[in-house]
Amino acid sequence: MHVLQPKHTKLKPEEVKKLIEKYGTSLSQLPKIKSDDPAVPEDAVQGDVIKIERKEEDKINLYYRVVA
């Protein structure tokens, strides 16, 4: 992982369930990320949810993507 690359983490199934409930959404409504993206963890497969932590100024913003 490059030093400037945001941290990408694969979520566990229970974390995905909490995320879906919290935001009242579905997996199909989340943005997609290609499975061959270099930032995607190696153990991630299609349908997994990836949490991206981007540091912007003094805080960390969280983004979620579904592996496509």
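Asp48 has a relative accessibility of 16% and therefore counts as buried, since the cut-off for that class is under 20%. This residue is a convenient place to enter the structure, which is a predicted model. Asp48 lies in the loop between strands S2 and S3, and its side chain meets that of Lys10 in a salt bridge, with 3.5 Å from N to O. The pair links distant parts of the chain, because Lys10 belongs to strand S1 (residues 7-10) whereas Asp48 sits in the loop between S2 (32-33) and S3 (49-56), so that 38 residues separate the two. Unlike Asp48, which is buried, Lys10 is partly exposed, at 31% relative accessibility. The surroundings of Asp48 are not limited to this partner: leaving aside residues up to four places away in sequence, Asp48 touches Lys10, Asp43, Arg65, Val66 and Val67.

The salt bridge of Asp48 is one of two in the model. The other joins Glu53 to Lys51, where the closest N and O atoms are 3.8 Å apart. Lys51 is partly exposed, with a relative accessible area of 21%, a value that stands just outside the buried class because that class is defined as under 20%.

These strands can now be placed in the sheet. Four strands make up an open sheet in the order S1-S3-S4-S2, and their pairing is mixed. S1 and S2 stand at the edges with a single partner strand each, so each has one side without a neighbour in the sheet. In the interior of this order, S3 runs antiparallel to S4 (residues 59-67), and eight bridges join the two strands. Within this pairing, Glu53, the residue that also forms the salt bridge with Lys51, has Leu62 as its bridge partner in S4. The parallel component of the sheet is found between S2 and S4, which pair over two bridges.

The connection between S3 and S4 deserves separate attention. These two strands form a hairpin with two residues between them, and Glu57 in the turn has a positive phi of about 60 degrees. Most residues other than glycine have a negative phi, and Glu57 is a residue other than glycine with a positive value. Glu57 is also exposed, with a relative accessible area of 77%, which places this turn residue in another accessibility class from the buried Asp48.

At the edge formed by S2, Lys32 gives a detailed view of the parallel pairing. Lys32 is found in S2, and its bridge partner in S4 is Val66. Although Lys32 and Val66 are 34 residues apart in sequence, their C-alpha atoms are 4.8 Å apart in space. Contacts of Lys32, again not counting residues up to four places away in sequence, are made with Leu27, Arg65, Val66 and Ala68; Arg65 and Val66 are also among the residues that Asp48 touches. The side chain of Lys32 reaches the backbone oxygen of Leu30 at 3.0 Å, and a polar atom of that side chain lies 3.1 Å from the backbone oxygen of Ser28. With a relative accessibility of 47%, Lys32 counts as partly exposed.

What remains is the nonpolar interior. In soluble globular proteins, nonpolar side chains tend to be buried together. Which residues form the largest nonpolar core? Seven residues belong to this core, namely Leu11, Val16, Leu19, Leu30, Val49, Tyr64 and Val66. Helix H1 (13-23) and strand S4 each supply at least two residues of this core. Apart from this core lies another, of six residues, among them Ile33, Ile50, Ile52 and Val67. Within the largest core, Leu11 can be followed through its contacts: beyond residues up to four places away in sequence, Leu11 touches Val16, Leu19, Val49, Lys51 and Tyr64. Lys51 thus appears both in the contacts of Leu11 and in the salt bridge with Glu53. Val66 likewise ties several parts of this account together, being a member of the largest nonpolar core, the bridge partner of Lys32 and a contact of Asp48.

Terms used. Residues numbered from 1 in each chain as written. Predicted model: local features only at pLDDT ≥ 70, side-chain atom pairs only at ≥ 80, totals over all residues. Heavy atoms only, no water. Salt bridge = Lys/Arg side-chain N within 4 Å of Asp/Glu carboxyl O. Buried < 20%, exposed > 50% of the residue type's maximum accessible area, 1.4 Å probe, protein only. Pairing = 2+ DSSP bridges. Contact = heavy atoms within 4.5 Å. Polar contact = N/O pair within 3.5 Å; in protein donor to acceptor, adjacent residues only side chain to side chain. Core = buried A, V, L, I, M, F, W, Y, C linked by side-chain atoms within 4.5 Å.
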